[in-house]
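Welcome, and thanks for taking a look at this one with me. Below are some notes to help you find your way around.

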Amino acid sequence: MGYKPKVDGILEYILYWCSFGPDDHRKGGIVRPSRNYAAKRKTPAGRPNTKRGCVCHFIVKRLIAEPNVALVIYNQDKHVDKKGLPCHGPSDKKAAGTRAMFAPYISDELRLQILSLLYVGVPVETIMQQHTEIVEKQGGPCNRDDLLTHRYVRRLERKIRRSTYELDSDDDVSIALWVDNHRDHIFFYEDFSDTEPFVLGIQTEWQLQQLIRFGNGSIVASDSRFGTNKLKYPIYSLVVFDSNNNAIPIAWIITPSFASGEMHRWLGALYDRVHTKDPTWKLGGFIVDDPSADVLMIREVFQCSVMISFWRVRHAWHKNLVDRCSDANICAEMSRRLGEAVSHVCRGTGDLELFEAFMEDFVDCSDFLDYFRAVWFPRIGAWIEVLKALPMATSEVSVAIECYHHLLKLRLLNEKDSDIYQRADWLVDKLGTKVHSYYWLDEFTGRENFARYWKDEWRSGLTSWRRALQIPDSDVLIDGKYAKVVSHKREGKVHTILNPGSEFAICDCRWSRMGNLCKHVIKSTKISRNRGLAAPSTSLFVFNQALTSILRHPPHDSVIRDHAIALAVCIQTQLTGLFDHGKGRTTSCISVPSEHQAAANSDLFASDEPVGADTYMINENQSVSENVFVNLSSEMHSVLGEDNVSYGASGSAHDSLLQTQVNTD
Ligand SMILES: [Zn+2]
Ligand SMILES: [Zn+2]
């Protein structure tokens, strides 16, 4: 099994593992069948599909200039397990049948690709046709994957067709059986005990790879309560963001809704699993979306900062305002007031009384107020606490999680018979098969070849944040309390946005009316902010606060202090320049390098070159790297990351300033 080559400019390294390792999914017992259904067959021949913990692996080193010469370095040349015992092949005394002597016929990658295509309904014929075309184009087969046959794909298809989620009529027994059969999909499992409820953490090998690839030095975000009303057990999703900042789920945790505080049980297992694969892996930040999240635990396990995302609440308010308040102007005004209240709370200039005043002022709009009073008012205290304590994640992150949540709904909750939602075995099976396949396909470069099979469940490209970037400024007209955005899809169509300038604006397009942040709102907000018509985002405000607090609270240790002071002086010089320049503006801005500057991030603090103040305007288009508020140098990171006690003066400052990682991808 080959892994992606690592290239350092002169040499290329590829690490190969034996197909039967390094994971170990063997069950105990006297014999280890080559396949798990070998006993039922007359001839227990065939290829194993089980990893057996084989530690045989080697590295192939090649000079890029001389690719025909290779150096093969065997780290372990015996097919043995961790204990040093033969784990497959002729000398494995426990192996039955063909003794697992032969490598799987195609690579895990291709197998996953075929399974994913089959799960989402692409026919065998189409898969084979595409495959044959690709092999022909490259001039014939050149590796084992090119030898894929019809027969193999048909066999996989039949296996899928015949499989059932219901392994036992008792749901709990069925889940336990599923867990037994899918050890490699699970990073944590504990059944109900006398004191604790059951927790199941699903993470496939592919999801783990995504976590390693996109999570390292970057962000993991949570969507904590999917399907609370519909499913037997809700889903807690953890997502990372790909290069377009689309969310990819890297784990699903299933536990009864009354047990939402079970994070401490599985978080460590998740961390250990990544670390076993990549000991250098480090998370940059963790975004929670629930005031009851165990922030201390997250900090302890991942040694990273924690932020809060408000998307779920904003979404719920927005959707209910649209549904329950028929007058568009009142609806927009209420949304504006709620947005203002949240913004004041985050900036430390407001409290509960803002929400009380809101309820008094809009007492006439009883339909929404009844909802607000019943659902949100009891929880608002907890939300205020968390908004004060943690820095807020940017709206790009919120948009990405909102999209993820929406897609998960399309991909999971599309069954004809909704009784099925009350079975947990159905849930885990569907997540691990169909739903997983759709997310895999989102990242599949060849997905265009299967366009004729696209259904609503396929992702239709970019998030609304990225789409907003494609709207030219000239298509946006801002006129006081309104903004208008010309539609390119439909000639002559213009979208009207009420109260542009914040995420609490309301647009008349379909996506916005569903409670989502649409591209029109994002674009008009960006323009309003650029023109100084609206205050900068709360995330930016918190970042500014954090920087200022470094200036005021230098640490005690002398080396760190010297370093920090040097940085602080640089920042202060920039700030002074900036404020001089920005006099007369309503917004205060702080330097943040754009993504392109990130590569030379440390120059921000070291450069003597005068930089135009415009470069210093924060660009609200900054992708998730807006969360990566400043790409500080790695030294700066270690200063702030490993000596947070010195920075104890301000919790929020600590949090946002740890957002210093550059995504190395
Ligand atoms: Zn082996
Ligand atoms: Zn819109």
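1. A good place to begin is a pair of residues: phenylalanine 226 has isoleucine 235, in strand β8, as its bridge partner. Please keep in mind throughout that this is a predicted model. The two strands here are β7 and β8 (residues 235-241), which pair in the antiparallel sense over four bridges.

2. Strand β7 also pairs with strand β10 (residues 285-288); these two run parallel and are joined by three bridges. If you would like one pair to look for, valine 220 has phenylalanine 286 of β10 as its bridge partner.

3. Why is β7 largely enclosed by the rest of the structure? Six of the eight residues in this strand (residues 219-226) are buried, so the surroundings largely enclose it.

4. Next comes the largest nonpolar core, which has 115 residues. The members that touch the most others are Val239, Ile254, Phe286, Ile308 and Val428. Helix α13 (residues 424-442) gives the most to this core, contributing 10 residues. In soluble globular proteins, nonpolar side chains tend to be buried together.

5. Valine 428 deserves a closer look. Apart from neighbours within four places in sequence, this valine is in contact with Ile175, Trp178, Leu200, Ile202 and Ile254. There is also a second, separate core of seven residues, with Cys18, Phe20, Cys54 and Val80 among them.

6. Helix α9 (residues 328-346) makes a nice check on geometry. Its 19 residues should span 27 Å at 1.5 Å a residue, and the end C-alpha atoms are 27 Å apart, so the two values agree. The buried residues of α9 include Cys331, Glu333, Met334, Leu338, Val342 and Cys346. After α9 comes glycine 348, which has a positive phi, near 75 degrees.

7. Further along, look for an open sheet of four strands, in the order β12-β13-β14-β15, with antiparallel pairing. Its edge strands, β12 (476-479) and β15 (506-507), each pair on one side only. Strands β13 (residues 482-486) and β14 (residues 494-498) are joined by five bridges, and lysine 484 stands opposite threonine 496 in β14.

8. Which helix packs on this sheet? Helix α16 (residues 519-530) does, touching β12, β13, β14 and β15, and its direction makes about 65 degrees with that of β12.

9. Finally, a word on annotation: an unreviewed UniProt entry lists residues 492-529 as "domain: SWIM-type". In the model, this span is 39% helix and 18% strand, and its end C-alpha atoms lie 27 Å apart.

Terms used. Residues numbered from 1 in each chain as written. Chains lettered and ligands numbered in written order. Predicted model: local features only at pLDDT ≥ 70, side-chain atom pairs only at ≥ 80, totals over all residues. UniProt positions renumbered as here; feature names shortened; annotations may be inferred. Core = buried A, V, L, I, M, F, W, Y, C linked by C-beta atoms within 7 Å. Buried ≥ 20, exposed ≤ 12 C-beta atoms within 10 Å, placed from the backbone. Contact = placed C-beta atoms within 7 Å. Pairing = 2+ DSSP bridges. Expected span 1.5 Å × (residues − 1). Axes fitted to C-alpha atoms, helices over the stretch in contact; angles between N-to-C directions.
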